[in-house]
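Let's take a friendly walk through this model, starting with an enclosed space and moving on to the charged pairs and the surface.

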Amino acid sequence: MASELAAYLRTRIATPRIGLLWLVVIAACLASGTSIDGPRSGFTVALLALLIAQFRLWDDLQDLAHDRAHHPERVLVRTARLAPFRFLLALSFAAGLGALTMGEGATRGVVYLLLVAAFVALYLFIRSRKVSRLLRNQLVLIKYPAFVSMFAPDPLHPRALAAAILLYLLLSAYDARDGNSR
């Protein structure tokens with residue numbers, strides 16, 4: 001199992017594409033007014049990395065049927081036991097909630113729980129209907145501007161809204177150009 005987890009991390013998380021995504025999300029957070037300097041800088045960038053990895057794993061677990069047909073080489077498709085990956089996902093939710101609540105306050109923890117609940121509903125919606133691949137991908141990209149809003153000092157400030165919207169448009173255009181190959 002450890003080798004499968006290492007292979008998953010190497011092929012789906014620790015990649016240049018995810019590294020670039022992380023940097024782009026950090027840039028959007030900075031543009032929103034989030035302060036990523038001083039003693040909290042490491043906390044903020046590490047928490048963003050956790051959220052990106054966490055939602056990537058969740059998305060991959062939810063997308064197994066598609067990946068079995070189109071990406072049979074992926075680790076989650078080939079693994080005999082998904083339970084350890086699901087346990088890791090649950091553990092990451094607890095870690096994310098704890099870190100956000102302790103580091104950012106109870107309000108941010110509640111916002112995080114609302115985001116998780118929204119994605120539970122979104123994945124149920126996607127699974128229960130024939131949603132096109134393009135629409136599915138566009139819907140799950142919403143998590144990234146949500147991360148920006150979660151860290152912004154004032155999520156409704158025009159600067160924060162513009163940063164979140166611009167991030168969504170950039171990722172949406174990239175995903176559409178990339179041929180929805182995730």
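The lining of the largest cavity is made up of five nonpolar residues, four charged ones and no polar ones. The model you are looking at is a predicted one. The residues around this cavity are Tyr-8, Arg-12, Asp-60, Leu-64, Asp-67, Arg-74, Val-75, Leu-76 and Val-77. Helices α1, α4 (64-70) and α5 (75-78) each give at least two residues to the lining of the largest cavity, and α5 holds the largest share with three residues. The volume of the largest cavity comes to about 50 Å³. A search of the whole structure turns up one cavity of 30 Å³ or more. Rolling a probe the size of a water molecule over the atoms is what reveals empty space of this kind.

One of the lining residues, Asp-60, is worth following further. Asp-60 sits in helix α3. Is Asp-60 buried or exposed? Its relative accessibility is 4%, so Asp-60 counts as buried, the cut-off being under 20%. Another lining residue, Val-75, is 15 residues from Asp-60 in sequence, and their C-alpha atoms are 10.0 Å apart in space.

Asp-60 also leads us to the salt bridges, of which the structure holds six. Three of the pairs are set out here, with the distance taken from N to O.

| Salt bridge | N to O distance |
|---|---|
| Arg-12 and Asp-60 | 2.8 Å |
| Arg-56 and Asp-60 | 4.0 Å |
| Asp-59 and Arg-136 | 2.4 Å |

What does the salt bridge between Arg-12 and Asp-60 tie together? Arg-12 belongs to helix α1 (residues 2-13) and Asp-60 to helix α3 (residues 41-62), so this pair joins parts that lie 48 residues apart in sequence. Both Arg-12 and Asp-60 are buried, and both appear in the lining of the largest cavity.

The pair of Arg-56 and Asp-60 stays within one helix: these two residues are four apart in helix α3, so about one helical turn separates them. Arg-56 and Asp-60 are both buried.

The side chains of Asp-59 and Arg-136 meet in a salt bridge too. This pair links distant parts of the chain, with Asp-59 in helix α3 and Arg-136 in helix α8 (residues 133-140), 77 residues apart. Asp-59 is buried, as is Arg-136. Which residues join these two in a network of salt bridges? The network links Asp-59 and Arg-136 with Asp-63 and Arg-133.

Helix α8 also contains Val-140. Val-140 has a relative accessible area of 0%, so this residue is buried. The C-alpha atom of Val-140 is separated by 9.9 Å from that of Arg-56, although the two residues are 84 apart along the chain.

Now for the surface. Where does a nonpolar patch lie? Leu-156, Leu-161, Ile-165 and Leu-169 form such a patch on the surface, and together these residues have about 410 Å² of accessible area. One of them, Leu-156, is located in the loop between α9 (143-151) and α10 (158-177). Leu-156 has a relative accessibility of 68%, and because the cut-off is over 50%, Leu-156 counts as exposed.

Note on methods. Residues are numbered from 1 along each chain as its sequence is written. This is a predicted model: local features need pLDDT of at least 70, side-chain atom pairs count only at pLDDT 80 or more; totals for chains, interfaces and linings use all residues. Side-chain values use heavy atoms; hydrogens and water are left out. Buried means under 20% relative accessible area, exposed over 50%, partly exposed in between (1.4 Å probe, protein chains only). On a 1 Å grid over the protein atoms alone, a cavity is a set of points where a 1.4 Å probe fits but cannot get out, and a pocket is an open set with protein on both sides within 12 Å along at least five of seven lines; lining residues have an atom within 4 Å of a point. Grid points are joined across faces, edges and corners, and a volume is the space filled by probe spheres set on the points. Ala, Val, Leu, Ile, Met, Phe, Trp, Tyr, Cys and Pro count as nonpolar, Asp, Glu, Lys and Arg as charged, and the others, Gly among them, as polar. Patches are made of residues with over 30% relative accessible area and no salt bridge: like charges are joined within 9 Å, nonpolar side chains (Val, Leu, Ile, Met, Phe, Trp, Tyr) within 5 Å. Accessible areas come from the Shrake-Rupley method with a 1.4 Å probe; for residues, only the protein chains shown count as cover.
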